[in-house]
Amino acid sequence: MTYDPTGHLLLTPVDREAPARVQRLRRLGFGERPDAAFDDFARNLAEVTGSPYAMVNFIDERRQFFAGLHTPSGTRGESGPGRATGAAGVGRSMARDHGYCPHVVVRRKALVLEDVCDYPRFAGNPVVDEIGIRSYLGAPLIDRTGIALGTVCVVDTAPRPWGRAGLETIKSLAADLVEQIHRREDGGI
């Protein structure tokens, strides 16, 4: 794990699987450009959960890339390399030390944060001040090779009572997307 100069705030977990993930993502052709099917998946994810923001996120050693993105205006963000700088300007990529998806990938478990400010470990994350994120719900995309490719997640600028139903929904949708990825890899989509 890495820490800030004060020695207290957890920033981002050490990700020993990143090199294997990057190789796998390259073989699949993911993580470098937006994907219309993933954008559609993110839109559906937002609708199902009632969330303003939804993402299909692939993570490498340095950044996160939202191959699927839904924002409140229904736009899918810009495809440029800039990171998110405001709620209205969420882009396709973000530094690896921003947000909660890197934690989900390393933990290999879903994460529910109904109010990120209730968790000192997560409340200091840059997305709280820079974008105004207050709640998060995400699950890992673990493929047939056992590699966590990234996440599906939803976020909101207000606290949300996701509860067990939210957790089960995000896990189920992550499993559905992994199956779609496998079908695509096998030439079925």
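Helices (H or I, at least four residues) and strands (E, at least two) are DSSP runs, numbered from the N terminus. Keep that in mind as you work through this predicted model.

**Exercise 1. Read the layout of the chain.** In what order do the elements of the protein chain run from the N terminus on?

*Solution.* Start with the tally: the protein chain has 6 helices and 6 strands. Now walk along from the N terminus, and you get α-α-β-β-β-α-β-α-α-β-β-α. Next, look at how the chain folds back on itself. Among contacts in the protein chain with a separation of 6 or more, 65% are between residues 24 or more positions apart. Finally, buried residues make up 50% of the 189 residues.

**Exercise 2. Check the length of helix H2.** What should helix H2 (residues 36-49) span, and how far apart are its end C-alpha atoms?

*Solution.* Count first: H2 has 14 residues. The expected span is 1.5 Å times one less than the number of residues, so for H2 you should get 20 Å. Then look at the end C-alpha atoms of H2: they are 20 Å apart, which agrees.

Now have a look at both ends. At the start of H2, a side-chain oxygen of Asp 35 comes to within 2.9 Å of the backbone nitrogen of Ala 37. Just after H2, Gly 50 has a positive phi of about 70°.

**Exercise 3. Find the two sides of H2.** Which residues of H2 are buried, and which on the other side are exposed?

*Solution.* Buried means under 20% relative accessible area, and exposed means over 50%. Going along H2, the buried residues are Phe 38, Asp 39, Phe 41, Ala 42, Leu 45, Ala 46 and Thr 49. They cover an arc of only 160° around the axis, which puts them on the same side of H2. Here's the rule behind that kind of pattern: an α-helix has 3.6 residues a turn, so residues three or four places apart point the same way. On the other side of H2, Ala 36 and Glu 47 are exposed.

So what do the buried residues of H2 pack against? Their partners are strand S1 (53-59), strand S2 (63-70), strand S6 (148-156) and helix H6 (163-185).

**Exercise 4. Follow Phe 38 into the core.** What surrounds Phe 38?

*Solution.* Begin with burial: Phe 38 has a relative accessible area of 2%, so this residue is buried. Leaving out residues up to four places away in sequence, Phe 38 touches Phe 30, Val 56, Phe 58, Ala 67, Gly 68, Leu 69, Leu 177, Ile 181 and Arg 184.

Next, the rings. Phe 30 counts as buried because its relative accessibility is 8%. Ring pairs link Phe 30, Phe 38 and Phe 58 into a cluster. Overall, the count comes to 5 aromatic pairs. The rings of Phe 30 and Phe 38 have centres 5.1 Å apart and planes at 75°, so this pair is edge-to-face.

Last, zoom out. The largest nonpolar core has 29 residues, and Phe 38 is one of those with the most contacts inside it. H6 gives the most to this core, with 7 residues.

**Exercise 5. Place Ser 51.** Where is Ser 51, and is this residue buried or exposed?

*Solution.* Ser 51 sits in the loop between H2 and S1. With 7% relative accessibility, Ser 51 counts as buried. The side chain of Ser 51 makes a polar contact with the side chain of Thr 49, at 2.8 Å. Not counting residues up to four places away in sequence, Ser 51 touches Ala 46, Val 154, Val 155, Arg 160 and Trp 162.

Notes. Residues numbered from 1 in each chain as written. Predicted model: local features only at pLDDT ≥ 70, side-chain atom pairs only at ≥ 80, totals over all residues. Heavy atoms only, no water. Buried < 20%, exposed > 50% of the residue type's maximum accessible area, 1.4 Å probe, protein only. Arc of directions from axis to C-beta. Contact = heavy atoms within 4.5 Å. Polar contact = N/O pair within 3.5 Å; in protein donor to acceptor, adjacent residues only side chain to side chain. Core = buried A, V, L, I, M, F, W, Y, C linked by side-chain atoms within 4.5 Å. Phe/Tyr/Trp six-rings, centres within 6.5 Å; stacked < 30°, edge-to-face > 60°.
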